[in-house]
Amino acid sequence: MNFTRRDTLMLAAAASALSLCGVATASAAEGDMIDIAKLMAPAGGVADHVKGSESAPVTVIEYASPTCPHCATFSNTVLPDFTTRYIDTGKVKLVLRPFVRNVLDAAVFMLAEASGPTNYHNVVATYFKTQNTWAASDTPRDAILEIAKQLGFTQETFDAALTNQALFTGMEALREQALNDFGLTGTPTFYVNGKTLTGDKTLEQLAAEIDPLIPADFVATDASAAAPAAAPAAPAAEPTAAPAADAATPAEPTATPVAPAQ
């Protein structure tokens with residue numbers, strides 16, 4: 001996946017660095033508990049982007065990669081109903097953490113960061129919806145740029161977003177922390193109040209973990225924080241959604257391994 005024109009020095013460095021990604025020193029299994037205080041202290045100085053009320057009794061952290069088809073399946077087919085049921089009602093706050101596997105992942109997250117906090121989640125969701133278009137393109141930089149323009153970017157602001165070396169360095173630190181401290185082995189990986197859940201998850205599977213953690217007398221107290229994120233600056237083109245994983249085929253993997261694309 002090579003960017004074909006006006007590639008920045010940062011992106012060239014990113015591709016080189018990611019090709020040298022090491023092997024995790026820890027490996028967490030489904031159901032393992034991770035210290036929630038450590039989970040809520042992300043490395044690298046990259047600010048978390050939270051959907052939902054800060055007073056929610058349940059915190060779900062998702063590590064995701066924009067080029068991961070399983071992450072796209074979750075974003076496109078599960079997250080809308082999850083948002084209605086849990087985030088908009090103040091029961092859950094969702095933290096979307098970057099897990100950068102390759103230069104395309106880096107580009108998408110850098111554009112999301114540059115779009116501002118109210119549009120961050122929408123930008124990432126738009127690239128998940130259009131994953132089949134840009135991730136499979138022979139000229140992915142051009143394809144990513146065309147979608148960015150529909151989200152309000154210009155050529156100049158697009159180029160500027162992709163030169164944020166400090167952000168890229170921070171995302172590298174986030175990746176290493178997830179691998180070495182939390183034992184992440186694939187994307188998506190979810191942590192529900194510290195409990196590790198790996199791979200594709202349906203709404204029902206997540207509900208089975210979340211519902212017992214919500215007090216019976218729970219009443220949302222921060223309606224404004226539970227409201228959905230703001231709309232993008234400009235409407236996106238009709239997306240081409242990534243196909244959902246075939247849950248009926250046991251041999252089909254439910255998570256994308258963390259080894260980077262070459």
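Which residue does Phe 190 stand opposite in strand 6? The legends below take up this question along with several other close-ups of a predicted model.

**View 1. The whole protein chain, as a starting point for the close-ups.** Welcome to the predicted model. The protein chain has eleven helices and seven strands. Of its 262 residues, 47% count as buried. The area that the protein chain exposes is about 11300 Å², and 57% of this comes from carbon and sulfur atoms. Take the contacts between residues at least 6 apart in sequence: 84% of them join residues at least 24 apart.

**View 2. An open sheet of five strands.** Here the strands follow the order 1-3-2-5-6, and their pairing is mixed. Strand 1 (49-51) and strand 6 (195-198) stand at the edges; each has a single partner strand, so one side of each is left without a neighbour in the sheet. On average, and with direction ignored, neighbouring strands of this sheet are turned by 25 degrees against each other.

**View 3. The hairpin of strand 5 and strand 6.** Strand 5 covers residues 189-192 and pairs with strand 6 in the antiparallel sense, over four bridges. This is the place to settle the opening question: Phe 190 stands opposite Leu 197 in strand 6. Thr 189 likewise has a residue across from it in strand 6, namely Thr 198. Two residues lie between the strands of the hairpin, where Asn 193 takes a positive phi near 50 degrees.

**View 4. Thr 189 and its surroundings.** This residue of strand 5 deserves a frame of its own. Is Thr 189 buried or exposed? With a relative accessibility of 2%, against a cut-off of under 20% for buried, Thr 189 counts as buried. Its side chain reaches the backbone oxygen of Gly 186 at 2.6 Å. If neighbours within four places in sequence are left aside, Thr 189 is in contact with Ile 61, Glu 62, Tyr 63 and Leu 184, and also with Thr 196, Leu 197 and Thr 198.

**View 5. Aromatic rings in pairs and in a cluster.** A pair of aromatic rings is described by two quantities, the distance of the centres and the angle of the planes. With ring centres required to lie within 6.5 Å, the count comes to six aromatic pairs. For Phe 182 and Tyr 191, the ring centres are 6.2 Å apart and the planes stand at 65 degrees, so this pair is edge-to-face. Phe 182 and Tyr 191 are both buried. Elsewhere in the frame, ring pairs link Phe 74, Phe 82, Tyr 86 and Phe 190 into a cluster. Phe 190 may look familiar from the hairpin view, where Leu 197 stands opposite.

**View 6. Helix 5 and its buried residues.** Eight of the ten residues of helix 5 (120-129) are buried, so this helix is largely enclosed by the rest of the structure. The buried residues are Tyr 120, His 121, Val 123, Val 124, Ala 125, Thr 126, Tyr 127 and Phe 128.

**View 7. Helix 7 and the helices it packs against.** Helix 7 spans residues 140-150, and its buried residues include Pro 140, Arg 141, Ala 143, Ile 144, Leu 145, Ile 147 and Ala 148. Which helices do the buried residues of helix 7 pack against? They pack against helix 4 (103-114), helix 5 (120-129), helix 6 (131-134) and helix 8 (155-161). Helix 7 is followed by Gly 152, which has a positive phi near 105 degrees.

Terms used: Residues are numbered from 1 along each chain as its sequence is written. This is a predicted model: local features need pLDDT of at least 70, side-chain atom pairs count only at pLDDT 80 or more; totals for chains, interfaces and linings use all residues. Side-chain values use heavy atoms; hydrogens and water are left out. Rings of Phe, Tyr and Trp (its six-membered ring) pair if their centres lie within 6.5 Å; planes under 30 degrees apart count as stacked, over 60 as edge-to-face and the rest as tilted. Buried means under 20% relative accessible area, exposed over 50%, partly exposed in between (1.4 Å probe, protein chains only). Two strands pair if DSSP finds at least two bridges between them. Axes are lines fitted to C-alpha atoms, for helices over the stretch in contact, and angles run from 0 to 180 degrees between N-to-C directions. A polar contact is a pair of N or O atoms within 3.5 Å; within protein, one must be able to donate a hydrogen and the other to accept it, and residues adjacent in sequence count only if both atoms are side-chain atoms. Contact means heavy atoms within 4.5 Å. Accessible areas come from the Shrake-Rupley method with a 1.4 Å probe; for residues, only the protein chains shown count as cover.
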